[in-house]
Amino acid sequence: MDKEATIYVIDLAKSMGEKHAGRSISDLDWALQYVWDKITSAVFTGRKTLQIGIVGVGTDHTSNPMAKGADGYNHISILQPISQILLPQLQALPDLLRPSKTDDRDVLSAIIIAGDMMTQHCRDLKYKKTIVLITNATGNIDDDDVEKTANFFKREKIELVVLGIDFDDRDYGAKEEDKSPLKRKNEEILKKMVDLGGGEVVAMQEAIDALSIPDIRPVRPTPTYKGQLRLGDPERYDTALSIDVERYFKTSIKRPPTASAYAVREDGPPDEGLSTVHNLYKYKVKDDDSSGGTRDVDRDELAKGFEYGRTAVAISDSEQNITKLETRMGYDILGFIPIQHVERYMMLDNSSMIVGQKGNDRAAIALSSLVHALHEVESVAVGRLVKKDMAEPIITLLSPLVAKDVECLIENILPFAEDVRSYRFPALDKVLTVSGKEITQHRNLPSEDLLQSMSDFVDSMSLVHGNEEQMSIDETFSPVLHTIEGAIKYRALHPTGGIPETPEAFLAYSRQPEDLQEQSKGALTRLMAAADVKKVPPRTKGRRKYRETEKPLSGLNVEDLFRNEKRTQISPDNAIPEFKQIMQHSDDMKRVKDGIQQLASILQNWVSKSFGDANYDRVVEGLGVLRQEMLELEEPTFYNDVLRDLKKKLVAGKLGSNRNDLWYRIRISKLGLITHEVSQFSDVSQADADAFMSLKA
Amino acid sequence: MADELPYRSKGGADGGARDDENDDDDDEIDETGYKTVKDAVLFAIEVSESMLRVPPASSSKKGDRSSPLLVALKCAYHLMQQRIISTPRDKMGILLYGTEASKFYDEDENSRGGWSFPHCYLLTDLDVPEADDVKALKELTEAESPESAEIFKPSKEPVLMHNVLFCANQVFQQKAANFTSRRLFIVTDNDDPASSNKGSRSQATVRAKDLYDLGVTIELFPISTPEHSFDTSLFYNDIIYKSSPSDPEAIAYNPASMVGGDGSKLVAGSNDGISLLQSLLSNIASKVTPKRALFSSVPLELAPNFRISVKGYLLYKHQKPSRSCYIYLGGERPQIVTGYTEQVAFENSKPIQKTEIRKAYTFGGQKITFSDEEVKQLRNFGDPVIRIIGFKPMSRLPLWANIKNSTFIYPSEEDYVGSTRVYSALHQKLFDDELFALTWFVPRRNATPVMAAMIPTLPAEDIDGMTSVAGMSATGAPQGLHLIPLPFADDVRQNPPTTHEKPLGAPKELIAAMRPIVQQLNLPKGMYDPSKYPNPSLQWHYRILQALALDEDIPEKPEDKTIPKYKQIDKRVANETIEWGRTLDKVVKEYQADNPDAVPTGFKRPTTTPSVTSSASTKRVKSETHDSVSEEKVRELWQKGQIGHLTVAQLKDFCASKKLPVMGKKADLVERIEGWLESK
């Protein structure tokens, strides 16, 4: 990336502290929104080559190298020499950027000083040089040197951007009423300066409005493959064709910055700051002879390898690549398919662009013929890409893209056989009986009425009207990315100020547009009537009345068989089914309670007999079933009592020593007390339930 | 620590707490919250005279002369290998029943009370398969006369089905406690095992209900013969349940195999067209992946006050080779070590407690911190939801608008009764009018919200006037709606650098020369069918691991179905490519004549030219990119005995350029090259 140097020349005169044009904040505060946004964005990049300087004009004091030699350079201060801005500099700025007690200043002098700073700093090095002047232009400007200065800027290739507060801009529709003659003259001087020297004058309003559209920091395109795109094997057939191409990302998810872990030491002095956390990787193996059943081992004692099922396969250092497939770099076309056969939802990963090799006109023309031919016959290519020797092959879909500024193949990644999971689901437009007959009228099938009202509703909710598209990709910005970045920038400037609200601009596309909602109201009402969707109540009371016992395919009434079985004692080796059956078949509360007691003691028995953690999974499963059944029975207290009793015995060591791991399992399996929030029949609060999960309480 | 290997986390050590940062986590969830998201499949295969009968040699070309029992075991063997690759954490076991011999854990005939489950032989315990399990099964199925193995001797008295079912029950309880998915696959040709014993029949029904209540699904794979067609109504309809307990809406029978209608769906083997092995294998394969939901309680919101319930599934996801791990060789047998991290302060290496850790962002060289509550608030974009924002024509969904795999959603009646018909109506409309719904998609609490396009499945084209019964796509995608996450403006990269402001378009004649090439090289059926393209790296990885684990010979050559069919390409478009190459030469010459300054100075002349005779040029690329050595140089070194001074990459390049194998270690390569030089 090119080096960049930007100097902000900021008008800090007394008049900048006043409010104008009906705004609720002073001109300076208003204009600084722009400055903070730009500077914090620059800080965010962390780039050393993105350098910023700040010059105050209209300051109470004078601090610049030219003031001694000549008049007219008073009340101009270099507040920040050109350098990379880090947090301390950034945090020092708010105090420096306050309105002064004077209105005496000449912004053109400040521009000259900034230009001087710029050439001193950049010398002959290659820099992108910009000076941004922010002013309300209410002070005198001596315009004698305009042409000379403009020439200097032109020669030094410095761009001057003037952000004028309440400047007139016919194109943007900005016009200040009752503008003073002095300001009008100043606007003209600055305009002339920009016209001669290069740059632009922008009304502050426009600059502020533009802030709501986030800056997208471009990522420098780097090729991810440079080589040939081939059809056929040029080594064996002289009919093979090949084109030199390069591959670049077309899309790539931009993630919000990630926070790293730091440690605060509570015993240390509070201002010592955060210390970096270092991860030590350690390894342990099962060892029945050691306490705790495991033993730490040293990295040097270990071989590298892989798992094959449950078996460890060690591979010696010299053979590390033995499981790697030998491949040779190249991009092969396997064949073509009509574009209407492409199953769009099959694509994995982000997309890329395949373009001709940079600077190779022959390759560009050759590729273009493929792009256009695909386009014309409405086909796409299927390719096999090996990015470099020994890399894993990937299968890709290559589709043509012809645009004004680029012609390329768009590449999507296709799945291999192993990447597809063939889940089966019943069809949506027909229902089949067990015997395979097709039914056309069913509660799961939409009626004519529903189909029609759905069609009307969808039609009334179109986001595309003619060429106008709402919420296109280039108008939607990642809400998480910008919210987090915004919060970091805000926190940097306001260390104690809480966190800002997510700007509305990032939430607009999380809802249906209001005009569409209004427009579709009638269609929606009809759709909802035709759909007749009913919310299932959170829990169906007395579920046994509503839910029949499941029957096998034959429809045999299994319940009768169970009556004959007369299972009253739950057998520990069939505990869960038998417990469920008691819950299903008993209307008698006494039997229910008895069943719960039996299950509870079976669970405790499993715990006390468990060698290590051998039985823990069964215990957790049993508790899970019990909890579920009690929720449905609306008897949370029964479960809570069982859990309390279990914990008491665990803590007292009555179920074997060192059962803390079991409690940990119960906790992470979310099998805690049933709270009032979960079941209204419980009298346990969330706070009590949380406290209960601690073994110390 | 550059060579730090990724270590394996101990299962669930971090508990249910999802790392908020890691929102790309595609793990399937467990709906109950307490179960382990794993699958256990226990095969129960009947052993009897008829199951052991080797079919007479048939004229059918695919005639596979194996007994039904052996076919079932081959399927199990095949599946075991497959599951090691695709679901390495899932368990599998094989129980034979009806055998003379019995085997159940550490029982023997002297155990108190004799055998708990007589004539049940637990061939492979329910567990993550071990190399020895695979080997044992391989040896059984590949033996000289496999049917005569001692363990396959059928018992004289009939086996009691309730015993078999309870045996399975015990295996599941002991080895797969708390699994989200437990299935019993019964393979048999006996449709009436309780014909003689009414009491056993009702006991079996009770034991089947026990399994159902335990959450075990029974899947039946019946075997019919031309003489006898399997009748499920005699016995099995009483022990098989309509829906699996974990998914109340799923229908147990398999619509794809229903094309035959009238119950013939359950018959395998009566069809002459395909062998028993193939049909059983494909039947089992279609059931073998347990359906795991990615999310189950995210509402689909059509309007602010109009929601239906859907579940989400991942149909497409990269299957990667297992990561390498560290192995401890000091014990009796190689053991995989468990890795864990200890966090210490960088300055003084003192251990750090979890409560002392703060998350901080680096900004302007310093750290900016937020409290946990603030971080939560910043990432909170409301409850999980799939919210329809509006609709757009499919033409507004370019192929490049892709950032990751899609999510399939399917309606469920769990939270809203009537969801299925509404979903079906929406699907119909989007399909008919070629529209997609733009949605705001928050798959989980605190997950990064995305905009996603909701599009319908592309149905397979009619074959002989018949549409696929389940409305599936040509590649088997189920009928329904898919959510494709779209890039935000931030995620779209700028165009690559170019030396031309406007793209250099190919002239019409060159496009015309390319057109027939495209038209004449359609893939079979004009489609990309993933099932035809196994991942060669993945298959090779496991092929080698299996060979190492089972002490087999290392295979020489990998099978790679992704390599283009060069011969066919040459055959079909030879004339066309030559014509295209000629035209290209011509138009480039013309272009250069018109634009003498076209090749900007400062640019390296293209190293290779796209050409019709590019075999020579390919080699040139290689030689330039790899800094490889000429034959003369190699010969010179050879004469000095210094071939070993070359790097492995150079040696391999040299081998490749001389069409020598590039496998093996450096010494092998040197030896191979020396041999070649000598022979010349």
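## Helix α8 and the strands of chain B

In this predicted model, helix α8 of chain B, residues 419–433, lies across five named strands of the same chain: β7 (306–313), β14 (407–411), β16, β17 and β18 (481–485). The helix runs at about 80° to β7(B).

## The barrel

Chain B contains a barrel closed by 7 strands, whose order is β6-β7-β14-β18-β17-β16-β13. The pairing within this barrel is mixed. From one strand to the next, the twist averages 40°.

Within the barrel order, β17 is followed by β16. Strand β16 (residues 435–442) and strand β17 (residues 450–456), both of chain B, pair in the antiparallel sense over 5 bridges. In this pair, B:Phe441 of chain B stands opposite B:Val450 in β17(B).

## Nonpolar cores

The largest nonpolar core comprises 128 residues. A:Ile365, B:Ala452 and B:Met514 are the residues with the most contacts inside this core. Helix α7 of chain A (residues 361–376) supplies the largest share, 9 residues.

When neighbours within four places in sequence are left aside, B:Met514 is in contact with A:Ser369, A:Leu370 and A:Ala373 of chain A, and with B:Trp580 of chain B. A second core, separate from the one above, has 124 residues and includes A:Trp606, B:Tyr77, B:Leu280 and B:Ile544.

## Domains of chain A

The domain assignment divides chain A into domain 1 (3–210), domain 2 (225–252 + 324–419) and domain 3 (560–692). Between domain 2 and domain 3 of chain A, the C-alpha centres lie 59 Å apart.

Technical notes. Residues are numbered from 1 along each chain as its sequence is written. Chains are lettered from A and ligands numbered from 1 in the order in which they are written. This is a predicted model: local features need pLDDT of at least 70, side-chain atom pairs count only at pLDDT 80 or more; totals for chains, interfaces and linings use all residues. Two strands pair if DSSP finds at least two bridges between them. Helices (H or I, at least four residues) and strands (E, at least two) are DSSP runs, numbered from the N terminus. Axes are lines fitted to C-alpha atoms, for helices over the stretch in contact, and angles run from 0 to 180 degrees between N-to-C directions. Two residues are in contact if their C-beta atoms, placed from the backbone, lie within 7 Å. Domain bounds come from an automatic or database domain assignment. A nonpolar core is a set of buried Ala, Val, Leu, Ile, Met, Phe, Trp, Tyr and Cys residues joined through C-beta atoms within 7 Å. A residue is buried if 20 or more other C-beta atoms lie within 10 Å of its own, exposed if 12 or fewer, and partly exposed in between; C-beta atoms are placed from the backbone.
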